[in-house]
Amino acid sequence: MGNSFTSSKKHSKGASKVTEVDRAILDLKVQKRKLTEYQKRVESSAQQAEARAKEYVASKNRARALTELRKKKYMDQTVQRVDDQLLRLEEMVLNIQQSVQTAQVVDRLKQGALALKEVQKGLRVEEVDALMDATSEAHSNLQQVNELLSQGLTAEDDVATEAELAMLESQMLESQMLEEELPAVPNHRRVPERRTLEEELPAVPKHKLQLNPESAASFEALRAKAGEGIIRQMEPALPA
């Protein structure tokens, strides 16, 4: 029941959107369709009447042939009247649709006029005039400032400018003289060269030393004593 209620509700919403104008246009189109179908039937009957008239003429039945031709004539007039009615219906549909469009345009124009009035409520002629006057005054002041800034320098300004230029030249000359007198400072630290242990130690003589006899005898005696001391130290460590 919930689904049926929802569908009926949707249907009612959709139906509420159909206006009387829409219904009138729909009725006119339905009537136009019916007239078109009727016109086709009448045209078919007229063609049949013409065919029967030809048959009666062939059979020498002049009276029946004349009757069928009268029927055909009447049906042709009916078709013409239906054409006029269809034309009137088409004109009516077009007039209604054009009237709807015109009404919509007028409605939009009314809404636009109301919106324009609402916007114009915040605009007053006095405020606009005051704003224009303030803008004109600000523009005039800016133009005067630009004119003052664009005026040429006076004689006093030229003298002050020359003095400032002379002072800058003097300062630059003093700076150059100081740079020429002072020695140049190295930009990098000098790293002392590293010497290897072999370069620091004295060189070992490669030839055999020549000793006098007395020094040789003393050297041999010392070497003998040193050898005895080493042997004594090693004796406890030797196996018995």
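A helix here is a DSSP run of H or I at least four residues long, numbered from the N terminus. I start with that, since my first lookup was Asp133, which lies in helix α4, residues 125–150. I note at the outset that this is a predicted model.

**Entry 1: overall make-up**

I counted the elements. The protein has seven helices and zero strands. I read them off from the N terminus and got α-α-α-α-α-α-α. I then checked burial over the 240 residues of the protein; 8% count as buried.

**Entry 2: the acidic patch**

Which residues gather in a patch of negative charge on the surface? I found Glu126, Glu127, Asp129, Asp133 and Glu137 there. I looked at Asp133 again. Its relative accessible area is 54%. The cut-off for exposed is over 50%, so Asp133 is exposed.

**Entry 3: salt bridges**

Side chains of opposite charge can pair when their charged atoms come close. I searched for such pairs. How many salt bridges does a search of the whole structure find? It finds six.

I took Lys32 next. Lys32 forms a salt bridge with Glu90, and the closest N and O atoms are 2.2 Å apart. Lys32 sits in helix α2 (residues 20–58) and Glu90 in helix α3 (residues 62–120), so this pair ties together parts that are 58 residues apart in sequence. I checked how open each partner is. Lys32 is partly exposed at 30% relative accessibility. Glu90 is also partly exposed, with a relative accessible area of 28%.

Then I went to Arg33. Its side chain meets that of Glu37 in a salt bridge, 3.5 Å from N to O. Both residues lie in helix α2. They are four residues apart, about one turn of the helix. Arg33 counts as partly exposed at 46% relative accessibility. Glu37 counts as partly exposed at 38%.

I moved on to helix α3. Lys72 forms a salt bridge with Asp76, with the closest N and O atoms 3.0 Å apart. Why does about one helical turn separate Lys72 and Asp76? Because they are four residues apart in helix α3. Asp76 has a relative accessible area of 33% and is partly exposed.

I also found a network. Salt bridges link Arg52, Glu68 and Lys71.

**Entry 4: the nonpolar core**

In soluble globular proteins, nonpolar side chains tend to be buried together. I looked up the largest nonpolar core in this model. It has eight residues in all: Ile25, Leu28, Leu35, Val82, Leu86, Leu89, Val93 and Ile96. I asked which helices supply at least two residues of this core. Helices α2 and α3 each do. Helix α3 gives the most, with five residues.

I set this beside the Lys32 pair. The salt bridge between Lys32 and Glu90 has its partners in α2 and α3, and those two helices each supply at least two residues of the core.

**Entry 5: an odd backbone angle**

I looked at phi values. Lys60 has a positive phi of about 70 degrees, although Lys60 is not a glycine. Where does Lys60 lie? I placed Lys60 in the loop between α2 and α3. Is Lys60 buried or exposed? At 75% relative accessibility, Lys60 counts as exposed.

**Entry 6: recap**

I marked three places to revisit on screen. One is the loop between α2 and α3, with Lys60. Another is the core to which α3 gives five residues. The last is the negative patch that includes Asp133, a residue of helix α4.

How values were computed. Residues are numbered from 1 along each chain as its sequence is written. This is a predicted model: local features need pLDDT of at least 70, side-chain atom pairs count only at pLDDT 80 or more; totals for chains, interfaces and linings use all residues. Side-chain values use heavy atoms; hydrogens and water are left out. Patches are made of residues with over 30% relative accessible area and no salt bridge: like charges are joined within 9 Å, nonpolar side chains (Val, Leu, Ile, Met, Phe, Trp, Tyr) within 5 Å. Accessible areas come from the Shrake-Rupley method with a 1.4 Å probe; for residues, only the protein chains shown count as cover. A salt bridge is a side-chain nitrogen of Lys or Arg within 4 Å of a carboxyl oxygen of Asp or Glu. Lys and Arg count as positive and Asp and Glu as negative; His and the chain ends are not counted. The place of a charge is taken as NZ of Lys, CZ of Arg, CG of Asp or CD of Glu. Buried means under 20% relative accessible area, exposed over 50%, partly exposed in between (1.4 Å probe, protein chains only). A nonpolar core is a set of buried Ala, Val, Leu, Ile, Met, Phe, Trp, Tyr and Cys residues joined through side-chain atoms within 4.5 Å.
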